[in-house]
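Subject: Structure handover

Hi,

Here is the structure I promised to pass on. Please open it next to this note.

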Amino acid sequence: MEDRYVHFRHILLYYFRKGKNARQVCAKLRQVYGESALKERQCQRWFQKFRAGDFDLNDTPRSGRPTEVDDDQIKALIESNKRYTTREIAEMLDIHHSSVHDHLKKLGYVSKLDVWVPHELKEVHLTARISICDTLIKRQKKKMILFEAANNW
């Protein structure tokens with residue numbers, strides 16, 4: 001979802017630099033992406049930021065009570081037991097479970113089959129994917145050749 005909003009912000013910046021106003025850009029976005037794209041007020045706020053010289057397209061951290069947990073604490077817990085749930089970690093560290101989820105996401109962990117694993121593609125897995133794709137392409141070409149030969153009879 002966040003990627004979608006960053007995409008919209010790039011579009012907003014593009015049209016801002018072209019000299020369009022927020023209302024025109026909002027109408028164009030809704031025409032292409034539907035009514036759920038952005039509200040006109042959101043477009044106006046981003047245009048206001050651009051006019052002030054702030055061209056950073058990422059969300060700024062929101063106000064509120066910051067979590068007082070260190071990423072290293074969460075990482076140490078995950079490495080000690082990869083099957084902890086976010087709620088269990090939250091109880092241990094006395095923070096909200098969504099904060100734990102946000103920290104794990106920032107650290108690059110994803111839950112696969114109830115195990116927290118780093119979300120990275122290693123060289124071994126990359127080469128395996130490439131070889132599998134090659135095999136599938138060759139198999140498809142072989143089937144097409146056999147199909148064409150059968151049709152020529």
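Below is what turned up, taken region by region.

First, a caveat: this is a predicted model.

**Main core**

The largest nonpolar core has 16 residues. Those with the most contacts inside it are F8, L12, V25, L29, L38, C43 and F50. Three elements give two or more residues to this core: helix 1 (2-17), helix 2 (22-33) and helix 3 (40-51). Helix 1 gives the most, with five residues. Take F8 as an example. Leaving out residues up to four places away in sequence, F8 touches L29, Y33, A37 and L38.

Another core lies apart from that one. This other core has 11 residues, including I74, L77, I89 and A90.

**Cysteines**

How many disulfides does a search of the whole structure find? Zero. C26 is in no disulfide, and its nearest cysteine sulfur, that of C43, is 4.0 Å away. Why is there no bond from C43 to C26? Their sulfurs are too far apart for one at 4.0 Å, given that a disulfide needs them within 2.5 Å. Both residues are out of the way. C26 counts as buried, because its relative accessibility is 4% and the cut-off is under 20%. C43 is buried too, with a relative accessible area of 0%.

**Helix 6**

Helix 6 covers residues 97-107. S99, V100, H103 and L104 are its buried residues. Seen down the helix axis, they fall within an arc of 135°, so they line one face of helix 6. An α-helix has 3.6 residues a turn, so residues three or four places apart point the same way. K105 and K106 sit on the other side of helix 6 and are exposed.

What do the buried residues of helix 6 pack against? Their partners are helix 4 (71-80), helix 5 (86-93), strand 1 (109-112) and strand 2 (115-118). G108 follows helix 6 and has a positive phi, near 90°.

**Helix 4 against helix 6**

These two helices pack at an angle of about 85°, with their axes 10 Å apart. Angles of 65 to 115 degrees count as roughly perpendicular, so helix 4 and helix 6 are roughly perpendicular to each other. On the helix 4 side, the contact is made by D71, I74, K75 and I78. Helix 6 brings V100, H103, L104, K106 and L107.

Best wishes

Notes:
Residues are numbered from 1 along each chain as its sequence is written. This is a predicted model: local features need pLDDT of at least 70, side-chain atom pairs count only at pLDDT 80 or more; totals for chains, interfaces and linings use all residues. Side-chain values use heavy atoms; hydrogens and water are left out. Buried means under 20% relative accessible area, exposed over 50%, partly exposed in between (1.4 Å probe, protein chains only). Helices (H or I, at least four residues) and strands (E, at least two) are DSSP runs, numbered from the N terminus. The arc is that of the directions from the helix axis to the C-beta atoms. Contact means heavy atoms within 4.5 Å. A nonpolar core is a set of buried Ala, Val, Leu, Ile, Met, Phe, Trp, Tyr and Cys residues joined through side-chain atoms within 4.5 Å. Axes are lines fitted to C-alpha atoms, for helices over the stretch in contact, and angles run from 0 to 180 degrees between N-to-C directions. Angles under 35 degrees count as roughly parallel, over 145 as roughly antiparallel, 65 to 115 as roughly perpendicular and the rest as oblique.
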